[in-house]
Amino acid sequence: MTLATVIEKLPGRIGEPVEFRGETTVGIDRTQIVEACRYLKADCGFDMLVDLSGVDNYGTDPRFEVVYELCSLANRSHLRLKISISEDDLLVDSVTGVWRTADWHEREAFDMFGIRFRNHPNLKRILMWDGYPYHPLRKDFPLAGLPAELPETAVDAGKVNSAAMHGGPFVTAPGAATSAKREPRQNDTAAERFEKKGSS
Amino acid sequence: MSERVELGFDQKVESRDIIITRVDAAVDWMRKNSVWPLPMGLACCGIELMAVGASRFDIARFGAEVMRFSPRQSDLMIVAGTCVYKMAGVVRRVWDQMAQPKYCMAMGACASTGGMYRSYAVVQGVDRFLPVDVYISGCPPRPEAVLEGLMALQNQIQQEAAIKGMKSSERSAPTYGQPRGPIIIRGDYAPKGKA
């Protein structure tokens, strides 16, 4: 079965597959992601979930995407699935029932973006600690972080503060004339955006 | 009272194999030459710490070759690497389980200040939750810098009033001579002259 015929029969497919540099991406209806994955694993040999991650397209609607990187070891082929979800309804069906490895990937997407996965066996934070109030990989979250509670340690008496960022070595200005201008500076726009949103 | 107090086995009665010294000096001398480190290797500095223990740099020359992974048996916690907030609780719990007297070394830029990680996830220096005795700069530090930090700590241990400190409820024992403060090792070991 060629990739084209696989995609033709794919349940919940939205639009035509996009091919870029030999990589094929298919949009999937968010309500049918589990059916699509079951079909791909059972009938098309996509036995490996290489990666599952969230994407924050801040400023667009729908804002978030979930990306599934699939691999078929037998057929030596790759396939990428994408589903779009809006900010108002961050709920996706979990594919842990299809590939068990999705467990931690979905926890990471939940931790970093706040995307919740229905029927996930253990949906809790994986990188940040339990009780952390933010989802730090969202574009409106400042890199330096925001104050939060950190219980059971003595870090600044249970408080986490923003890291000192001014002059911080993170955002390199591209295309500037001299290296002094290109020198990394803090990009404050993310923090400013967050503050504006919080105050309004 | 003089500024500097002579310490160590500095008096010997010839031909009788008798050494006269103070108890504090003897205890300090034993302690400083048997500092058992707990290698809290959290990131790449942990690899450099292994080099400190290996034959070329050989931390055994300073009596600190017995790396203990049990907090019960170790005296010096070497925090080697980036500490994230989620790990901070674990590091703190291990530190709390170490028996007195105990010392803490922040090895490298990340452990000292958060280093290049100005981020929501990284503790901006382990001194936010640990009482650090020695800070070592570098990313990672040269093994010589770690050894210099260890030697500086040994000098500090030799200044301690060990017996008096046993009765004190404070963490750090009172010292003779200069009061205890954090040691900062700049660790400038750039090769001199032509390479």
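**Close-up 1. A:Pro62 sits in the loop between β3 (48–56) and β4 (64–72) of chain A.** We start our tour of this predicted model at the peptide bond joining A:Asp61 to A:Pro62, which is cis, with omega at about 0 degrees. Chain B offers a cis bond of its own, leading from B:Gln100 to B:Pro101 with omega near -5 degrees. Here the proline, B:Pro101, belongs to the loop between α3 and β5 of chain B.

**Close-up 2. Strands β1 (residues 13–20) and β2 (residues 23–28) of chain A make a hairpin.** The two strands run antiparallel and are paired over five bridges. To find your bearings, look for A:Arg13, which stands opposite A:Ile28 of β2(A). Two residues separate the strands, and A:Arg21 lies in the turn. How many of the eight residues of β1(A) are buried? The number is zero, so β1(A) lies largely in the open.

**Close-up 3. Two arginines of chain A, A:Arg21 and A:Arg76, have a positive phi although neither is a glycine.** For A:Arg21, in the loop between β1 and β2 of chain A, phi is about 50 degrees. For A:Arg76, phi is about 55 degrees, and its place is the loop between β4 and β5 (77–85) of chain A. Are these side chains' positions buried or exposed? A:Arg21 counts as exposed because it has 4 C-beta neighbours inside 10 Å, where the limit for an exposed residue is 12 or fewer. A:Arg76 also counts as exposed, with 7 such neighbours inside 10 Å.

**Close-up 4. Helix α5 (residues 143–158) of chain B has 16 residues.** From its first C-alpha to its last, α5(B) reaches 23 Å, close to the 22 Å expected at 1.5 Å a residue. Buried residues of this helix include B:Val146, B:Leu147, B:Leu150, B:Leu153 and B:Ile157. Polar company is present too: B:Gln156 and B:Gln158 are among the buried residues of α5(B). What covers these buried residues? Among the covering elements of chain B are the helices α1 (23–32) and α2 (45–53), together with the strands β5 (103–107), β6 (134–136) and β7 (183–185).

**Close-up 5. The largest nonpolar core has 50 residues.** The residues with the most contacts inside this core are B:Ile78, B:Val79, B:Met105, B:Ala106 and B:Met107. Elements of chain B that give two or more residues to the core include the strands β3 (37–41) and β4 (76–80) and the helices α3 (85–97) and α4 (108–113). Which element gives the most? It is α5(B), with six residues. Setting aside residues up to four places away in sequence, B:Ile78 touches B:Pro37, B:Leu38, B:Pro39, B:Met40 and B:Leu49, as well as B:Met105 and B:Met107. Apart from the core of 50 residues lies another, of 30 residues, with A:Ala36, A:Leu40, A:Leu79 and A:Val98 among them.

**Close-up 6. Domain 1 (1–133) and domain 2 (140–200) of chain A meet in a contact.** Each of these two domains brings five residues to the contact. On the side of domain 1 of chain A that touches domain 2 of chain A, four residues are nonpolar and one is polar. None of the residues on that side is charged.

How values were computed
Residues are numbered from 1 along each chain as its sequence is written. Chains are lettered from A and ligands numbered from 1 in the order in which they are written. This is a predicted model: local features need pLDDT of at least 70, side-chain atom pairs count only at pLDDT 80 or more; totals for chains, interfaces and linings use all residues. A residue is buried if 20 or more other C-beta atoms lie within 10 Å of its own, exposed if 12 or fewer, and partly exposed in between; C-beta atoms are placed from the backbone. Helices (H or I, at least four residues) and strands (E, at least two) are DSSP runs, numbered from the N terminus. Two strands pair if DSSP finds at least two bridges between them. The expected span of a helix is 1.5 Å times one less than its number of residues. Two residues are in contact if their C-beta atoms, placed from the backbone, lie within 7 Å. A nonpolar core is a set of buried Ala, Val, Leu, Ile, Met, Phe, Trp, Tyr and Cys residues joined through C-beta atoms within 7 Å. Domain bounds come from an automatic or database domain assignment. Ala, Val, Leu, Ile, Met, Phe, Trp, Tyr, Cys and Pro count as nonpolar, Asp, Glu, Lys and Arg as charged, and the others, Gly among them, as polar.
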